[in-house]
Amino acid sequence: VLTTNLPQEALRILKNQPVDLVLSDLIMGDKSGVDILKSALEISPDIIVILMTGQPAIENAISVLKMGAYDYLIKPFTLESLRATIRRGLEKQNLYRENINLKETVSLCKISEAMGSTIHLKSLLQLILETLSMEFDASLSSILLVEDKNKSLVLKAYYGMSTHPVELSFLHGEHPVPQWVVKNAKPKILNPGEQDQQSEKDKPTRSFISYPLMAKGRVIGVLNLVRVGNYSSFSPGQINSLSIIASKASSAIE
């Protein structure tokens, strides 16, 4: 649980790390709960926002619910009613995420089948990146393969446009995360707030995911995805969806 009495600080938290639920006052001086609501939904469309106020008005309630707030609590309220509202909100969110994961899984299975018809490596790699970028809302993506001679990562396919050094180093395998993935044979997510290089003044919010491509018990490459801008961060649940396509892609590449 993260707390603050400053709306500006709340906005910074929302931009820099994944948040499932927001409980906010409606009236807070320069910034209002409506500002928090709008920003939260822009960053994470499935976030649950519960607003509270001691100055109830039907117009306010209808307005914020239309904007996407989950509920509207009138002060004073009991802890029991607050807990019940939070519980219902998170249950709704979990159901939504399960449906999204199911749709992703079905789509990725169809993509896996399509891969079987492509025998040219370059075409195959491009198909993988274009499809994953669409399915996972990734702005940029790359596939790096391990060179047998010196075990270094070599860029073999790239999708999207970037000139920023942080993104380029990640996509080219010079960033510590892809190197860690090859060494440990495990996927890695790097979200805003976990990045030493992050600077809000000159860089948009970024979320990275790096997934090992495994064949015959060894890492043959790395699949990298990057989200730039106000997309929601990559979640651990998406690792499961990505594993389906990564497994098929590894076999096809090998």
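**Exercise 1. Take stock of the chain.** State how many helices and strands the chain has.

*Solution.* The chain holds 8 helices and 10 strands. Helices (H or I, at least four residues) and strands (E, at least two) are DSSP runs, numbered from the N terminus. This is a predicted model, where local features need pLDDT of at least 70 and side-chain atom pairs count only at pLDDT 80 or more, while totals for chains, interfaces and linings use all residues. Residues are numbered from 1 along each chain as its sequence is written, and side-chain values use heavy atoms, with hydrogens and water left out.

Next, burial. Of the 254 residues, 42% are buried. Buried means under 20% relative accessible area, exposed over 50%, and partly exposed in between (1.4 Å probe, protein chains only).

**Exercise 2. Order the open sheet.** Find which strands lie at the edges of the open sheet of 5 strands.

*Solution.* Step one: read the order. It is β7-β6-β10-β9-β8, with antiparallel pairing. Two strands pair if DSSP finds at least two bridges between them.

Step two: look for strands that pair on one side only. These are β7 (153-159) and β8 (188-190), the edge strands.

Step three: check the twist. Neighbouring strands are turned by 20° against each other on average, direction ignored.

Step four: add the helix. Helix α5 (residues 121-135) packs on this sheet and touches β6 (140-146), β7 and β10. Contact means heavy atoms within 4.5 Å. The direction of α5 makes about 60° with that of β7. Axes are lines fitted to C-alpha atoms, for helices over the stretch in contact, and angles run from 0 to 180 degrees between N-to-C directions.

Step five: zoom in on one pairing. Strands β9 (residues 206-215) and β10 (residues 218-228) run antiparallel and are joined by 10 bridges. Leu-213 stands opposite Gly-221 in β10.

**Exercise 3. Classify a ring pair.** Decide whether the rings of Phe-170 and Phe-208 are stacked, edge-to-face or tilted.

*Solution.* A pair of aromatic rings is described by the distance of the centres and the angle of the planes. Rings of Phe, Tyr and Trp (its six-membered ring) pair if their centres lie within 6.5 Å; planes under 30 degrees apart count as stacked, over 60 as edge-to-face and the rest as tilted.

The count by this rule is 1 aromatic pair. The centres of Phe-170 and Phe-208 are 4.6 Å apart and the planes stand at 45°, so the pair is tilted. Phe-170 sits in helix α6 (residues 165-171) and Phe-208 in strand β9, 38 residues apart, so the pair links distant parts of the chain. Phe-170 is buried, at 0% relative accessibility. Phe-208 is buried too, with a relative accessible area of 0%.

**Exercise 4. Follow the side chains of β1.** Sort the side chains of strand β1 (residues 21-25) by face.

*Solution.* In a regular strand the side chains alternate between the two faces of the sheet. In β1, Val-22 and Ser-24 point to one face and are buried. Leu-21, Leu-23 and Asp-25 point to the other face and are not buried.

Now find the neighbour. β1 pairs with strand β4 (residues 48-53) in the parallel sense, over 5 bridges. The bridge partner of Val-22 in β4 is Val-49.

**Exercise 5. Link far-apart residues.** State how far Pro-192 and Gln-17 are apart in sequence and in space.

*Solution.* Pro-192 lies in the loop between β8 and β9. Pro-192 is buried, at 1% relative accessibility. Pro-192 and Gln-17 are 175 residues apart in sequence, and 5.4 Å apart in space, C-alpha to C-alpha.
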